[in-house]
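I opened this entry to record what I looked up, going from backbone geometry to surface and then to confidence scores.

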Amino acid sequence: MNNTEQSKTANKGTAVSGVPAKLRKALTYVFLSLWALVVLFPFYWMVLTSVKSYGAYNSEYLPKLYTLSPTFQNYADAFTAVPLANYFLNTVLFTVITTALMLAATVLAAYAFARLEFRGKNLVFVLFLSLMMIPNELVIITNYVTITSLNLRNTFTGLILPSVTSVFYIYLLKENFEQVPDQLYYAAKVDGTSDLKYLFRVMVPLCKPTIVTITILKAIECWNSFVWPRLITDDQNYFLVSNGIQSIRESGFGRENIPAMMAAVVVISLPLILLFLFFRKMIMAGVSRGGLKG
Amino acid sequence: MKVTLQNLTKKFPARGKKSQGEVIAVNHFDFVIPDGKLIGLLGPSGCGKSTALNLLCGLLKPTEGRIFFGDEDVTDLPPEKREVGMVFQNYALYPHLTVMQNILFPLQNLKGAQKLSKAEMDQRARDAAKLVQIGELMDRKPGELSGGQQQRVAIARALVKMPRILLMDEPLSNLDARLRLQTREEIRRIQRKTQITTVFVTHDQEEAMSISDLIVVMKDGVVQQIGKPQEVYDDPHNLFVASFLGTPPINLFHGRIESGRVYVGDVPILEQPALPDQEITVGVRPEGFVPKEDGAFGCTLKGVEVMGRDVSVVFTHPACVAAAGRAIVSAQSQLPSGQNQVRFDFIPEKIRLFHGITEERIR
Amino acid sequence: MEKKSVKAWLYLLPAMLFLGIFLIYPLVDVFVYSFEENYNFASQSYTGTGLFNYSYVLRDPYFLQALKNTFLLVVITVPLSTGLALLISVGLSSIKPLRELYQTVFFLPYVTNTLAVGLVFMILFKRTPYSDGFVNLLLSLFHAGPVDFIDGPYGAKMLVLCLYTIWVVMPFKILILTSALASVNQTYYNAAKIDGTSGLRIFFRITLPMISPSLVYLIITGFIGAFKAYSDAVALFGTNLNAAGMNTIVGYVYDMLYGNSGGYPSYASAAAILLFAIVLTITCINLLVSRKHVHYIS
């Protein structure tokens, strides 16, 4: 018999610490719903404000919780008055290239650690692991100086290169690679398969879930990156969405056009939320295995 | 403590959105567990034996029917009021507490008049530990113990509050083969010594047969037979019980009764004048075969496995229900060598006949 | 054998290049910078070595303000968010219907852009001449306010920063704690129930010890994360955090770099190393304290 089934039935009718089970359950739902409201309300407000017209919004001294005359003018403004599409394109480009480079370096390194034999492997691996503890804030200073003195400010190269590495993903993938049985490798060797071919024909397909997970996590990280792009770009043509939002906020639409600003915010938030809804299980599993924000 | 189950039934809603109706895990159980006995609930997985155990300890509430401990109706009592001890399949020892703390845990829950002083609790815990012979392990954590030792700690924790009945869920399944033999003797010893009515659940018929005073054979939530192990083995009520008990299992043949004579294939094996003509299943325990050069029952010989005192003869026969049959014969018996034919006579007392459709025993 | 080694190093080469140039070299370099006095970015020259950069940073009122802000943020948000996440996770694991829906909703802030949603928070809390904003509307129901949470008194600004930080960090904590709770074997609870253990005792004697490794992990990462707060503050108060009096240590580091065409990498380095030292110390203290109270299951 299934355990949850049992415990569920067992919980029924049993009073714990004096409060009847039904009341407890009701209170739990109320509490959880309250937090859900706290989480969802900013999203609601953002969408709501983005469809209020400029005039209507500014005439509400007491903000209204709904609108009867939604407009999409703000979305049009967001794309015409500021180069939102450009920010978007930059971010997509940045995300795709950075993630691809990260994947290539990570897959190769993880394979070396998991499958290949070389002198000092364990030592090198421990050194790699210890790199995980280096905080970004410490190394960003020199990277900034390096990129600046290489005249790479306001270039994609300057944006991408320092953002590529992720020691943690190498570790994650190496662990997964090691679960592939050795016999497969020996069988492939007997058949005369090269290491590179074995890696891409056998290892990568077998570990696809992990690879997809780290790809998504890295993509989220790239999409939201703000600090590095802010340091390294001051030319609007190279802004990513985070910086775009910040500049919209500070100089944006010439006047304080909050509905248009919210339209921009909706547009920027949407891709990740969609990605999340599609890959919910994978993302949550990946994050609980050690993804950290920032 | 005598335990009485009256018409006890537990239904679960069927799983999955498409399936309808409900699953009856425990179907109208109606029997008495005598005081001070060791009872084995036996059946294949999914037969409802764990559900029955959970009904007894109160983790589940029955859909209908009553449970009595002695004369007290405990059906509506929550688990903590039933005064039962339970040993879980994975032992459920708290990994962060020492052995001593684990055994003390149930005592520390007692409230009001039952509350014990610290010294009393210590004494009770040490007594329980001594009973299961783990006195020297009291300061270890469960993670540092072997499977057998963990099992003993779990038993001590169940016994320390002096339960009215002791329940064990597959107590031996997490142990290796050698430890299993040893531990089942140990359980027997402890039960004899404490005289606590003990119910345990197992899917291993050998385990149940070897230590139980009574076994309850179950299938699909229905009790098939209750009795002393040897009785149930010798006198199964139906085909399921006959084939579930015994290793190697009973040999089954398609057969028929024609004018008072039982046939397997074309071979008459038994006179049975009282029974009408019908299709039947003939069951013969492995020890019911006698090899004879002019035996009535000829089979194809597949192999001979020497087991020391006995010899196991593997054979095939067109009427055999399984792919191959197995006979256990004395090592002294004359087996044809170099032939692929073997002939047997049956010992009439070892032959069981079952109805071809209802599978009920007819002789 | 040698050939095999060469191949392995080739596989490692890309990762090592990236790590070497953008992680290891900068790590060494940042210490060097922090001791070079009067480093000039344009000429890449400096006048001497010593601790001047550190003493400058430690006397800089902006740094002290950032230090104070960061400490307040850490002290308020880490216990609150961890406690709240624990409550929510316990609630989540006690229900069956709608659980997945709640889990999905609760995780949403994790996948949103901190800057973007921060803007929404700003609008919710901001008071302008044209509108008191939504939060003040709520407050007026209780006959309180109105308060300008974005340009107003320090306490109000700190409150918004803390609230937003908690909002942002909750998904991760809820996720970790829910999976920790789910991994506690159900039979422990059954065993406890048969022994008549009270709900509170089950929580404190069984549940809490069983999930304590996850809890410690969350507290440590929570401290580290909160000490590195920056984007949340920018989202709420704009990039000129010093002017708003809401700068954080990380913000101070970046401002030092960004500020003046090339900036002051020496001061930035000194501040970054100070931050690193603080975080390291707190983490060590956390580990030492937790070692006594955590039950790792071997």
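I began by fixing the terms: a residue is buried under 20% relative accessible area, exposed over 50%, and partly exposed in between. I also note at the outset that this is a predicted model.

I looked up B:Tyr91 and found a phi near 75°, a positive value in a residue other than glycine. I placed B:Tyr91 in the loop of chain B between strand E6 (84–87) and helix H2 (99–108), and I list B:Tyr91 as buried because its relative accessible area is 4%.

I then turned to B:Met162, where phi is near 50°, again positive and in a residue other than glycine. This residue sits in the chain B loop that runs between helix H4 (147–159) and strand E7 (165–169), and with 54% relative accessibility B:Met162 counts as exposed.

I checked the peptide bond between B:Thr247 and B:Pro248, which is cis, with omega at about -10°. I located B:Pro248 in the loop between helix H8 (239–244) and strand E11 (251–258) of chain B.

On chain A I noted a nonpolar surface patch of about 370 Å², made by A:Val92, A:Leu93, A:Val96, A:Ile97 and A:Leu101. I traced A:Val92 to helix H5 (residues 84–115) of chain A, and I entered A:Val92 as partly exposed, since its relative accessible area is 36%.

Last, I copied down the confidence values: the predictor gives the complex an ipTM of 0.87 and a pTM of 0.80, while chain C averages a pLDDT of 84, with 92% of its residues scoring at least 70.

Terms used. Residues numbered from 1 in each chain as written. Chains lettered and ligands numbered in written order. Predicted model: local features only at pLDDT ≥ 70, side-chain atom pairs only at ≥ 80, totals over all residues. Heavy atoms only, no water. Patch = residues over 30% accessible without salt bridge, like charges linked within 9 Å, V, L, I, M, F, W, Y side chains within 5 Å. Areas by Shrake-Rupley, 256 points an atom, 1.4 Å probe, with all protein chains shown as cover. Salt bridge = Lys/Arg side-chain N within 4 Å of Asp/Glu carboxyl O. Helix = DSSP H or I, 4+ residues; strand = E, 2+ residues; numbered from the N terminus. Buried < 20%, exposed > 50% of the residue type's maximum accessible area, 1.4 Å probe, protein only. pLDDT = per-residue confidence, 0-100.
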